Amino acid sequence: MQENEIPQEDILIVEAEIVPDGLGGWMIRCLNTETNEERYCKTIEEYSAFLNEAVYTTQKDHFKAVWLESPKATPKMIGEVRAKLMEYYNQIEGQS
């Protein structure tokens, strides 16, 4: 193992998948793989809060967000989520 590599057991994996909300929009289904807590987030802010909460709850210093294939989501939903994620992270970058 290289010195800058992080051991797998020190990394929290959070899985995410885009799913239809039944109203023509989307939600992000998130799963904390350490605790098996599942949450449906309606906004990118809720998704970000879930990531922060998952890291805090498990006391891991590192996390990896793994996006699963979203077979029930339309290309439009996936595009919207991707755009909103980029917008959100650009806002955060601008604040630092």
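Helix α2, spanning residues 75-95, gives the most to the lining of the largest pocket, with six residues. The model is a predicted one, and this pocket is a good place to start exploring it. The space inside amounts to about 230 Å³. Rolling a probe the size of a water molecule over the atoms shows where empty space is left.

If you would like to find the pocket on screen, select the residues that line it: I18, Y47, W67, L68, E69, S70, I78, V81, R82, L85, M86 and Y89. Sorted by class, this lining has nine nonpolar residues, one polar residue and two charged residues. Among the nonpolar ones are I18 and W67, while E69 and R82 are the charged pair and S70 is the polar member.

Now let us turn to the backbone, where two residues deserve a look. Most residues other than glycine have a negative phi. N36 is not a glycine, yet its phi is positive, at about 65°. You will find N36 in the loop that runs between β2 (26-32) and β3 (37-41). With a relative accessible area of 57%, N36 is exposed, because the cut-off for that label is over 50%.

The second residue is Q59, which also is not a glycine and has a positive phi, near 60°. Where does Q59 lie? Follow the chain to the loop between α1 (44-58) and β4 (62-67), and Q59 is there. Is Q59 buried or exposed? Its relative accessibility is 68%, so Q59 counts as exposed.

Definitions and conventions:
Residues numbered from 1 in each chain as written. Predicted model: local features only at pLDDT ≥ 70, side-chain atom pairs only at ≥ 80, totals over all residues. Heavy atoms only, no water. Helix = DSSP H or I, 4+ residues; strand = E, 2+ residues; numbered from the N terminus. Buried < 20%, exposed > 50% of the residue type's maximum accessible area, 1.4 Å probe, protein only. 1 Å grid on protein atoms, 1.4 Å probe; cavity = no way out; pocket = protein on both sides within 12 Å on 5 of 7 lines; lining within 4 Å. Points joined across faces, edges and corners; volume = space filled by probe spheres on them.
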